[in-house]
Every structure is written in C-alpha cells, then in structure tokens.
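I opened this notebook to record, entry by entry, what I looked up in one structure. The sequence and the model come first, and my entries follow.

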Amino acid sequence: MSNQKASFLVVANRLPVDSVTDADGNRHWRRSPGGLVTALHPVLQAEKGTWVGWAGNAGPAPEAFDLEGVRLHPVSISQAEVQRYYEGFSNASLWPLYHDAVETRTFRRSWWAAYEEVNQRFATIAAEEAAQNAVVWVQDYQLQLVPAMLRQMRPDLRIGFFLHIPFPPVELFMQMPQRVQILKGLLGADLVGFQRPFAAQNFLRLTKHLLGLQPRGHYVAVDDDLADERLVRAESFPISIDTATNESIAAEPEVIKRAEEIRNELGDPRTIILGVDRLDYTKGIELRLKAFRELLEDGELSVPDTVMVQVATPSRERVEHYMKLRNKVELEVGRINGDFGQVGGPAVHYLHQSYDRRELTALYRAADIMAVTPMRDGMNLVAKEYVSSRLDNTGALLLSEFAGAAGELHQAYQVNPHDMAALKQGFLEAMHASDTDKIKRMRAMRRHVRKHDVQRWARRFLSALGVPEQQALSRQCL
Ligand code: ADP
Ligand code: G6P
C-alpha cells in the first residue's frame with residue numbers, strides 16, 4: 001500500500017466521513033456535514049481518486065483506507081490546531097469576512113501561524129501521495145496556501161483550486177492582515193475556480209491591486225522562482241448536485257410513503273414550510289423565523305393551517321458566534337411556539353439533528369414551500385436538492401438573492417432577506433401563487449439542475465485545468 005501513488009487527488013479540510021467513537025469505544029464513520037462533501041463525493045467515486053482530509057477529531061490520524069471506491073487519507077490535527085486553524089482562522093476570521101462580514105471577524109496572530117502550519121501539512125501529504133504529473137484539486141477557504149506550497153515541492157503537478165464560499169469584494173479582502181500571503185497561496189494553482197463570475201473578478205482585481213499584476217480576461221501571468229512566467233486562470237464554475245441519484249431517491253416508494261407519513265405526523269396542514277441548513281449565521285434562519293412570526297401576528301398565516309419545519313444541522317459548536325446563534329434561534333422558536341402553538345401542534349418543528357439522505361428527501365417531498373434565505377451563501381445545494389426531488393413539478397422555492405444558486409434558479413421566488421417586508425411578501429407570494437405558475441417555474445428549474453449537475457461541473461473544471469476528458473484519473477501503482 002505504501003508505494004501506491006495517486007494520479008488524481010482531492011485535498012479538502014474534511015474527509016467525506018467523520019470518525020465517531022460510540023459509548024463502547026467502537027469507531028464508526030459518519031457522513032460529514034456540508035455541501036462540499038455532498039458535491040465532491042460522487043465525483044471522487046466516479047474518478048476513483050484519493051481524498052486527503054481531516055477525520056473531524058483532534059489527535060493522531062487513522063491509517064489510510066478505502067471507502068466506497070475512494071481512497072481516504074486522513075490528516076492529523078492537534079487540539080490546539082483545531083482551535084486555532086479550524087475554529088479560529090478558518091471559521092472566525094475567514095468565514096465571516098468572506099460572507100460579507102455578516103458577523104464580526106476576528107484576527108489573531110496565533111491563529112495565522114496554525115493556519116500556515118496545517119496548510120503545510122496538507123501540502124506535504126499531497127506531495128507525497130501524488131504520482132508524477134498527477135492532478136491535485138485543492139478545496140475551499142481552509143486550504144488557500146496549499147496550491148503555492150504544493151507547487152514549490154512538486155512543480156510537475158497540475159493544481160486546481162476551488163472556493164466553495166463567496167470571495168469577498170476588494171475592500172473587504174483588504175482588511176485581512178495576511179492578504180498578500182493568501183493571494184500568493186492561491187496563485188500557486190493553474191486554475192482557481194469560484195462559484196460566481198463576480199468572485200473571479202474580485203480575485204483578478206486583487207492581483208492587480210495588491211501584487212501589481214496585469215490580469216487579462218480570465219488569466220493573470222505570474223513570475224515565480226519555478227518558471228519565467230506562468231499563466232493562472234480564474235473563472236466561475238457554479239457547483240451542483242448529483243441530480244440523477246437525487247431523483248432516483250425521490251422516486252423510491254419508501255421515500256414517497258415517508259413523505260406522506262411526515263405530512264400526517266404534522267397534522268395534515270394545508271401548507272408546510274421547510275428550512276434545511278447547517279446552524280450557521282449566514283443562513284438567515286433567524287430572519288426567516290422572524291418573518292414567519294410576523295406573518296402569524298399579522299394574521300396572514302395561521303396554525304395549524306400552516307406549519308414550519310426547520311432542520312438545523314449542528315455545526316462548529318465551539319465557535320462563539322455559533323453558540324450565540326443557537327441560543328437566539330432556540331429562543332425565537334420557543335417564543336413562536338409559546339404564542340402560536342397548540343397542545344400537540346407546535347407552529348415550528350425545530351430539529352437540531354442530522355438526517356440521512358432518504359429522510360431529508362422525504363422532507364423535501366413533503367414541503368410545499370422550501371425557504372432558502374441565506375444572507376450570503378456560496379451556492380446552497382439545499383435549493384438544488386429540493387428542486388431535484390420535486391418529480392411532479394409542484395412546490396415553491398423561496399430563494400435569497402444572496403445565494404449563489406440565485407444566479408441559476410431564476411424561476412425561484414427570489415427575495416432580499418435583509419428586507420423584512422420583502423421577505424414576508426416573498427412567503428405570501430410563494431404561498432398564494434397559482435398551481436400553473438408554480439409548475440411552470442419548477443419545471444424550468446428542474447430542467448436546469450438536470451443539465452447542470454455535479455458531474456458536468458467537475459468535467460468543466462477539470463477540462464479547464466487541462467485534463468483531457470478521457471484521461472484515466474484512476475489510481476495507479478508505481
Ligand atoms: P453548506 O455547505 O453551507 O452547509 P449547502 O446547502 O450547500 O450548505 O449544503 C448543505 C448539505 O448538507 C446539503 O447536501 C444538505 O442536504 C446537507 N444537510 C443539510 N442539513 C442536513 C441535515 N440536518 N442532515 C443531513 N444533511 C443535511
Ligand atoms: C461549507 C464549507 C465546507 C465545509 C462545510 C461544513 O460547505 O464550504 O468547506 O466543510 O461547510 O463545515 P465544517 O466546518 O463542519 O467542515
């Protein structure tokens with residue numbers, strides 16, 4: 001096993017599974033949270049690649065192993081690094097800054113040192129695991145230094161980088177003390193991919209503003225010690241879902257039956273409003289709940305005619321903003337249920353849990369209105385998952401203009417969630433729209449997510465990286 005090298009690697013902070021130890025001390029693997037894993041896992045399965053990432057616990061990493069056709073190579077992260085690199089620089093500095101600073105970002109020098117150190121570790125492992133001329137695809141904001149570190153060690157590799165979250169405007173990025181290092185880290189890639197065209201433009205503008213480079217079109221030429229001049233390409237590649245698999249799950253008789261059961265369990269209301277998010281302050285859960293409460297107060301909606309289900313996956317629970325958000329959300333849910341619930345019939349069903357894909361799909365099938373109202377989001381795959389599960393073209397998607405998905409799902413009921421009156425109006429519009437209108441919109445959106453699925457996203461990115469479509473990316477033995 002030790003001398004087996006990979007010709008295609010994904011390097012991401014998280015592996016697709018987390019290591020979980022139960023009460024008896026036995027280790028299990030559980031699917032990791034978030035859209036990055038949802039999108040990349042089917043791609044890696046098809047390509048038979050190697051995935052380098054963290055198994056979600058502090059301390060020594062488990063041995064590399066194979067899971068569902070993917071080689072997983074865990075990276076160790078110590079307790080102090082979890083605090084500084086993951087909870088600190090990644091999720092208390094970069095995450096809020098890159099999401100329009102909807103929460104205050106904090107910068108600490110000790111966090112940066114850990115960020116550099118952990119990035120170097122990921123880069124070193126990737127350099128050791130990659131075959132000659134391999135393709136290495138680095139993912140997301142936690143690993144922005146990896147491309148340049150990797151190129152330094154292995155100039156033979158083709159290196160791609162994809163940012164799953166928004167890339168901030170120049171003025172915001174400029175606040176970051178380590179702005180030059182981050183930019184140079186990304187420029188180590190041959191191709192830097194973003195969710196939206198604006199993000200790619202922000203990046204290219206910064207190369208001029210901060211480094212004095214001369215971007216032309218999608219390209220910028222860089223001089224590094226390794227080559228006289230190297231062209232780096234920056235472009236948008238909106239990510240997507242494995243639509244065919246989602247559709248086939250949505251068509252399973254047990255899932256259809258479960259959707260009916262859910263409706264019954266909720267008291268057979270006329271309208272079910274659903275929210276499914278990681279419990280993250282970017283997702284606009286509080287504003288959504290507030291809009292729902294005000295609509296109940298205004299008498300525009302009533303319980304049990306309308307009920308709301310809010311699934312909120314636990315996320316980053318030791319980061320302060322997340323703890324505060326949880327308290328605020330739970331207080332608001334309690335308040336709404338106190339004022340408008342009935343015995344055995346709450347107005348909001350709040351579920352702070354992770355679900356398996358079938359249960360989630362049954363929820364999508366049961367929901368009349370899917371509320372996806374983030375204040376800022378790179379893409380938001382939940383919106384696409386909802387659309388793909390509406391096999392009969394019914395249902396309505398209420399979608400924030402500030403989700404990347406709004407750039408594609410034009411037929412959604414789009415709203416500005418920062419505008420409470422507009423958000424409430426959006427709910428009512430989606431609720432009172434005619435069946436004909438809803439079906440027309442849903443059909444068009446379904447057509448879009450069928451055509452623009454995650455396999456197409458990966459093909460587009462890899463071909464822009466110069467990987468011929470037919471090239472075997474599968475693992476090879478040296
Ligand atoms: P993010 O990546 O910021 O979490 P996305 O909407 O892009 O947001 O992706 C979230 C992914 O996590 C989706 O694939 C969704 O199905 C999944 N997910 C969200 N909530 C849950 C949950 N409670 N249980 C299981 N999976 C969930
Ligand atoms: C988003 C990020 C991912 C991250 C995921 C879950 O999708 O873009 O990089 O993995 O959220 O967050 P977590 O901190 O639990 O990995």
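Is Gln 411 buried or exposed, judged by its C-beta neighbours inside 10 Å? I kept in mind throughout that this is a predicted model. I looked up the count and found 20 C-beta neighbours inside 10 Å for Gln 411, and because 20 or more make a residue buried, Gln 411 counts as buried.

I then located Gln 411 in the chain, and it lies in the loop between strand S16 (396–400) and strand S17 (413–415). Leaving aside residues up to four places away in sequence, I found that Gln 411 touches Arg 441, Ala 444 and Met 445. I also checked Gln 411 against Ile 249, which is 162 residues apart from it along the chain, and their C-alpha atoms are separated by 24 Å.

**Ligand 1**

Which residues are closest to ligand 1? I noted that 17 residues surround the ligand, and that the closest are Gly 35, Thr 38, Thr 313, Ser 354 and Leu 381. When I asked where the shell comes from, I found that helix H1 (35–47), strand S12 (271–278), strand S13 (306–313) and helix H13 (381–389) each supply at least two of its residues, while the largest share, 3 residues, comes from H13. By class, I recorded 8 nonpolar, 7 polar and 2 charged residues in the shell around ligand 1.

**Ligand 2**

For ligand 2 I listed the surrounding residues as Asn 13, Arg 14, Pro 33, Gly 34, Gly 35, Leu 36, Asp 140, His 164, Ile 165, Ser 315 and Arg 316. Strand S1 (4–14) and H1 each supply at least two residues of this shell, and its classes are 3 nonpolar, 5 polar and 3 charged. I noted that Gly 35 is listed among the residues around ligand 2 and is also one of the closest to ligand 1.

**Arg 316**

I followed up Arg 316 because most residues other than glycine have a negative phi. Arg 316 has a positive phi of about 45° although it is not a glycine, and I placed it in the loop between S13 and helix H11 (320–340). With 20 other C-beta atoms within 10 Å, Arg 316 is buried.

**Lys 48**

Lys 48 also has a positive phi, near 55°, and it too is a residue other than glycine. I found Lys 48 in the loop between H1 and strand S4 (50–54), and with 17 other C-beta atoms within 10 Å it is partly exposed.

**A cis peptide bond**

Which residues does a cis peptide bond join? I found it between Val 303 and Pro 304, where omega is about 10°. The place of Pro 304 is in the loop between helix H10 (285–297) and S13.

**H8 against H13**

Having met H13 in the shell around ligand 1, I looked up how helix H8 (residues 243–250) lies against it, and the axes of H8 and H13 come within 8 Å and cross at roughly 50°. H8 and H13 are therefore oblique to each other, and I noted their crossing as right-handed. The contact is made by Thr 243, Asn 246, Glu 247 and Ala 250 of H8 together with Glu 385, Ser 388 and Ser 389 of H13. By class, I entered 1 nonpolar, 4 polar and 2 charged residues for this contact of H8 with H13.

How values were computed
Residues numbered from 1 in each chain as written. Chains lettered and ligands numbered in written order. Predicted model: local features only at pLDDT ≥ 70, side-chain atom pairs only at ≥ 80, totals over all residues. Near = placed C-beta within 6 Å. Helix = DSSP H or I, 4+ residues; strand = E, 2+ residues; numbered from the N terminus. Nonpolar A, V, L, I, M, F, W, Y, C, P; charged D, E, K, R; others polar. Axes fitted to C-alpha atoms, helices over the stretch in contact; angles between N-to-C directions. Parallel < 35°, antiparallel > 145°, perpendicular 65-115°, else oblique. Left-handed = near helix turned anticlockwise from the far one by under 90°. Contact = placed C-beta atoms within 7 Å. Buried ≥ 20, exposed ≤ 12 C-beta atoms within 10 Å, placed from the backbone.
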